[in-house]
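These are my notebook entries on one structure. I set down what I looked up, entry by entry.

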Number of protein chains: 2
Amino acid sequence: MAVTDAIDHDAPTPVYKQLAAILRRRIEAGDLVGRLPAEADLMEIYGLGRDSVRKGLTLLKEAGLIESVQGRGTFVVPPDQRPKGEPESSE
Amino acid sequence: MAVTDAIDHDAPTPVYKQLAAILRRRIEAGDLVGRLPAEADLMEIYGLGRDSVRKGLTLLKEAGLIESVQGRGTFVVPPDQRPKGEPESSE
DNA sequence: AGTGATTTGTGCGTATGTATG
DNA sequence: CCATACATACGCACAAATCAC
């Protein structure tokens with residue numbers, strides 16, 4: 001695992017945003033497809049609390065990159081279904 | 001959305017009390033029934049932090065207007081089960 | 001049909017840091 | 001100093017939906 005894929009707790013950027021950035025990169029690179037690791041797994045993998053994991057995932061949901069289904073998991077939205085035109089987050 | 005349903009951060013009244021007042025109005029008007037929006041949703045809807053949302057909900061719980069159930073959500077207490085006798089917070 | 005495991009949804013508690021009045 | 005308020009971040013418990021058997 002490259003250092004660029006690690007969470008830096010001392011960085012000024014919140015860890016949940018770091019997680020979102022990491023996953024976003026992997027998703028847009030086509031690396032991450034289908035079902036994402038479960039929240040519990042992401043917690044273990046990146047050494048984060050569930051709060052941070054869920055906040056990170058929420059960012060990606062708002063971006064239309066992923067979708068969560070209770071009882072099933074969280075899934076990467078296929079590229080052709082992703083909102084490319086208007087990123088609703090002008091912020 | 002009416003202006004009366006907006007949170008005024010500049011008002012002398014704390015925002016969490018404003019939230020409680022807003023929800024109380026909607027509950028007593030029969031507008032809000034069943035499950036309330038999740039805490040995270042209330043944060044988004046009214047543009048508040050978790051602190052304020054939870055404090056606001058706490059006021060309504062103390063007033064017997066709502067009840068929270070861990071793992072399920074926060075629910076409006078049916079009118080016939082509401083304590084009408086002693087309104088502990090006349091404010 | 002039923003039981004248990006998995007996974008997300010929700011709420012509760014607590015803590016730290018920053019900022020304002 | 002203290003109350004208000006937001007953001008971040010950890011932990012836990014329980015519910016609901018789904019899946020696997």
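Before I list elements near the DNA, I note that helices (H or I, at least four residues) and strands (E, at least two) are DSSP runs, numbered from the N terminus. I also note that this is a predicted model.

**Entry 1. Chain A in outline**

I looked up the secondary structure of chain A and found three helices and two strands. Read from the N terminus, the elements run α-α-α-β-β. Chain A has 91 residues, and 29% of them count as buried. I then turned to contacts in chain A between residues at least 6 apart in sequence; 46% of these join residues at least 24 apart.

**Entry 2. Helix H1 of chain B**

Does the span of helix H1 of chain B agree or disagree with its number of residues? I took 1.5 Å a residue for the 14 residues of the helix (residues 15-28), which should therefore span 20 Å. The end C-alpha atoms are 20 Å apart, so the two values agree.

Next I listed the buried residues of H1(B): B:Val15, B:Gln18, B:Leu19, B:Ala20, B:Ile22, B:Leu23 and B:Ile27. I keep a general rule beside this list: an α-helix has 3.6 residues a turn, so residues three or four places apart point the same way.

Against what do the buried residues of H1(B) pack? I found helix H2 (39-46), helix H3 (50-62), strand S1 (66-69) and strand S2 (73-76) of chain B. After H1(B) comes B:Gly30, and I noted that its phi is positive, near 80°.

**Entry 3. The nonpolar cores**

Which residues touch the most other members of the largest nonpolar core? This core has 19 residues, and the two I sought are B:Leu23 and B:Tyr46. H1, H2 and H3 of chain B are the elements that give two or more residues to this core. H1(B) gives the most, with six residues.

I followed B:Leu23 further. Leaving aside neighbours within four places in sequence, I found B:Leu23 in contact with B:Leu32, B:Leu36, B:Tyr46, B:Leu57 and B:Leu60. There is also a second, separate core of 18 residues, which includes A:Ile22, A:Leu23, A:Leu32 and A:Leu57. As background, I recall that in soluble globular proteins nonpolar side chains tend to be buried together.

**Entry 4. The surface near DNA strand C**

I counted 25 residues around DNA strand C, and the closest are A:Glu39, A:Arg50, B:Glu39, B:Gln70 and B:Gly71. Of the atoms of strand C that come within 4 Å of the protein, sugar and phosphate account for 56%. H3, S1 and S2 of chain A, and H3, S1 and S2 of chain B, each supply at least two residues of this surface. By class, I recorded four nonpolar, ten polar and eleven charged residues.

Three atom pairs went into my notes:

- A backbone N or O atom of A:Glu39 is 2.9 Å from a phosphate oxygen of DNA strand C.
- An N or O atom in the side chain of A:Arg54 is 3.2 Å from a phosphate oxygen of DNA strand C.
- A polar backbone atom of A:Gly71 is 3.4 Å from a base oxygen of DNA strand C.

**Entry 5. A:Arg54**

I gave A:Arg54 an entry of its own. This residue is in helix H3 of chain A. Is A:Arg54 buried, exposed or partly exposed? Its relative accessibility is 39%, so A:Arg54 counts as partly exposed; buried would require under 20% and exposed over 50%.

The side chain of A:Arg54 makes a polar contact with the side chain of A:Glu39, at 2.8 Å. I also looked up A:Ala20, which is 34 residues from A:Arg54 along the chain; their C-alpha atoms are separated by 9.7 Å.

**Entry 6. The surface near DNA strand D**

How many residues are around DNA strand D? I found 26, of which A:Tyr16, A:Ser52, B:Val15, B:Tyr16 and B:Ser52 come nearest. Sugar and phosphate account for 74% of the atoms of strand D that come within 4 Å of the protein.

H1 and H3 of chain A, together with H1 and H3 of chain B, each supply at least two residues of this surface. H3(A) gives the most, with four residues. By class, I recorded eight nonpolar, eleven polar and seven charged residues.

I noted these atom pairs as well:

- A polar side-chain atom of A:Asp51 is 3.1 Å from a base nitrogen of DNA strand D.
- A backbone N or O atom of B:Val15 is 2.3 Å from a phosphate oxygen of DNA strand D.
- A polar backbone atom of B:Gly49 is 3.2 Å from a phosphate oxygen of DNA strand D.

Terms used. Residues numbered from 1 in each chain as written. Chains lettered and ligands numbered in written order. Predicted model: local features only at pLDDT ≥ 70, side-chain atom pairs only at ≥ 80, totals over all residues. Heavy atoms only, no water. Expected span 1.5 Å × (residues − 1). Buried < 20%, exposed > 50% of the residue type's maximum accessible area, 1.4 Å probe, protein only. Contact = heavy atoms within 4.5 Å. Near = heavy atom within 4 Å. Polar contact = N/O pair within 3.5 Å; in protein donor to acceptor, adjacent residues only side chain to side chain. Nonpolar A, V, L, I, M, F, W, Y, C, P; charged D, E, K, R; others polar. Core = buried A, V, L, I, M, F, W, Y, C linked by side-chain atoms within 4.5 Å.
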